[in-house]
Amino acid sequence: QRNYSEKREKTRAFAQQLLLRLKEIPGVHAAAIGTRLPLEQIYQGRALAFGDGPPLPVGQRPNARTLSISPEYFAATGTSLLQGRTFTSADNATDVSVAIVNQAFARKYFHGNALDKQFRIGLHGQNIFTPITAVGVVEDVHYDSLEADIQPVVYLPFDQVPFGEVSILLRTGLEPASLTSAMRKAVLDTDPTQPLFDIATMENRLSRSLAQRRLIMLMIATFAMLAMILAGVGVYGAFSYWVSQRRQEMAIRLALGSSRPELLRLIVAQAMRLILTGGVIGIVGAWFADRLLASMLVGVKMHDPISLSFACGLMTLVALV
């Protein structure tokens with residue numbers, strides 16, 4: 001995190017020198033900086049204005065979240081460019097203001113076709129709007145969290161809009177932990193007073209963001225297993241009692257000439273009617289209840305036929321036993 005009181009030119013020079021050193025690290029395929037990483041919170045949006053007229057009153061203005069990034073940001077994060085181009089070293093402070101937008105921005109403000117479109121964005125004050133041209137469109141990326149809705153995002157060249165707080169991104173084919181010392185050295189060689197902290201792989205960051213959800217999933221799985229056991233014990237007890245109450249009837253049928261296979265078929269056929277009735281009720285209940293589960297967990301599909309079939313088959317087997 002840079003000193004916010006220092007001049008923008010100094011922040012810009014720091015970023016340029018740092019990127020040169022990072023790219024020289026052996027094994028680094030792409031090196032970039034950005035004001036935010038995927039899955040991180042973007043706290044503030046920027047007001048937008050479209051057309052040549054005056055901007056809308058405060059409180060009614062459309063907005064988008066903004067990130068300042070270096071040219072290799074998308075290569076480092078693995079974000080696909082869908083239209084246009086990415087930033088280059090030519091997109092500097094002396095060049096025309098440009099931006100790259102995500103799909104959500106293009107859909108919301110330009111009906112899906114934002115390439116080469118111009119809009120104005122409030123970068124330097126509430127009523128100071130800078131004309132800017134969208135030179136590229138990238139796929140949507142999750143910020144805030146995996147569960148959060150995708151919001152319109154505007155990516156700005158770091159050289160044009162330098163920011164004091166930055167994150168370093170490195171893409172490598174090596175073990176990521178092996179680059180920690182080299183990355184730290186690159187930062188210290190650029191500015192010995194600059195702190196470097198919170199070094200982690202994207203896999204670790206993803207794991208941390210899912211930690212609470214995984215705990216919930218573990219608890220649900222534990223309770224589901226207990227519920228399965230209790231349901232099995234209940235079904236077994238109910239059918240065992242039902243059969244024991246009919247032992248006298250079975251004895252009479254055997255005495256009157258029924259064979260054991262015939263008696264078994266009769267009992268199983270009657271039991272299957274109860275099993276199927278209970279199975280249908282259970283599946284219908286689960287069909288509606290799994291909406292709650294899908295809203296609480298990431299990657300959980302609604303109406304999972306494999307899970308429903310397994311549960312129904314297990315209860316049927318317990319009942320038949």
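**Figure 1. Asp198, a partly exposed residue with a positive phi.** In this predicted model, Asp198 has a relative accessible area of 41%, so Asp198 is partly exposed. Asp198 sits in the loop that links helix 4 to helix 5 (202–209). The phi angle of Asp198 is near 55 degrees. That value is positive, and the residue is not a glycine. Most residues other than glycine have a negative phi.

**Figure 2. Asp116, an exposed loop residue.** Asp116 also has a positive phi, about 65 degrees, although Asp116 is not a glycine. The loop that holds Asp116 runs between helix 3 (103–110) and strand 6 (118–122). The relative accessible area of Asp116 is 58%. The cut-off for exposed is over 50%, so Asp116 counts as exposed.

**Figure 3. Helix 1 packs with helix 4.** Two packed helices are described by the angle between their axes and the distance between the axes. For helix 1 (residues 8–23) and helix 4 (residues 180–190), the angle is about 145 degrees. Their axes are 9 Å apart. The crossing of these two helices is right-handed. Helix 1 contributes Phe14, Gln17, Leu18, Arg21 and Leu22 to the contact. Helix 4 contributes Met183, Ala186, Val187, Asp189 and Thr190. Sorted by class, the contact of helix 1 with helix 4 has six nonpolar, two polar and two charged residues.

**Figure 4. Helix 6 crosses helix 9.** The axes of helix 6 (residues 211–244) and helix 9 cross at roughly 35 degrees. These axes come within 8 Å. The crossing of helix 6 and helix 9 is right-handed. On helix 6, the contact residues are Met228, Ala231, Gly232, Val235, Tyr236 and Phe239. They meet Phe310, Ala311, Leu314, Met315, Val318 and Ala319 of helix 9. This contact of helix 6 with helix 9 has eleven nonpolar residues, one polar residue and no charged residues.

**Figure 5. Helix 9 has a buried side.** Helix 9 (residues 305–320) has 16 residues. From first C-alpha to last, helix 9 reaches 22 Å, close to the 22 Å expected at 1.5 Å a residue. Leu308, Met315, Thr316, Val318 and Ala319 are buried in helix 9. These residues cover an arc of only 165 degrees around the axis, so they lie on the same side of helix 9. Exposed residues on the other side of helix 9 are Ile306, Phe310 and Leu317. An α-helix has 3.6 residues a turn, so residues three or four places apart point the same way. Of the buried residues, Met315, Val318 and Ala319 also meet helix 6. The exposed Phe310 is another residue of helix 9 in that contact.

**Figure 6. Thr130, a buried residue in strand 7.** Thr130 is found in strand 7 (residues 129–138). At 16% relative accessibility, Thr130 is under the 20% cut-off and so counts as buried. Beyond residues up to four places away in sequence, Thr130 touches Ser97, Phe119, Arg120, Ile121, Leu123 and His124. Pro261 is 131 residues from Thr130 in sequence. In space, Thr130 and Pro261 are 87 Å apart, C-alpha to C-alpha.

**Figure 7. Gly173, an exposed glycine.** Gly173 lies in the loop between strand 9 (167–172) and helix 4. The relative accessibility of Gly173 is 61%, so Gly173 counts as exposed. Gly173 is in contact with Gly27 and His29, leaving aside neighbours within four places in sequence. Ser89 is 84 residues from Gly173 along the chain. The C-alpha atoms of Gly173 and Ser89 are separated by 25 Å.

**Figure 8. Ala90, a partly exposed loop residue.** Ala90 is placed in the loop between strand 4 (81–84) and strand 5 (98–102). The relative accessible area of Ala90 is 45%, so Ala90 is partly exposed. Ala90 and Ile252 are 162 residues apart along the chain. Their C-alpha atoms are separated by 97 Å.

Methods:
Residues are numbered from 1 along each chain as its sequence is written. This is a predicted model: local features need pLDDT of at least 70, side-chain atom pairs count only at pLDDT 80 or more; totals for chains, interfaces and linings use all residues. Side-chain values use heavy atoms; hydrogens and water are left out. Helices (H or I, at least four residues) and strands (E, at least two) are DSSP runs, numbered from the N terminus. The expected span of a helix is 1.5 Å times one less than its number of residues. Buried means under 20% relative accessible area, exposed over 50%, partly exposed in between (1.4 Å probe, protein chains only). The arc is that of the directions from the helix axis to the C-beta atoms. Axes are lines fitted to C-alpha atoms, for helices over the stretch in contact, and angles run from 0 to 180 degrees between N-to-C directions. A crossing is left-handed if the near helix is turned anticlockwise from the far one by less than a right angle, and right-handed if clockwise. Contact means heavy atoms within 4.5 Å. Ala, Val, Leu, Ile, Met, Phe, Trp, Tyr, Cys and Pro count as nonpolar, Asp, Glu, Lys and Arg as charged, and the others, Gly among them, as polar.
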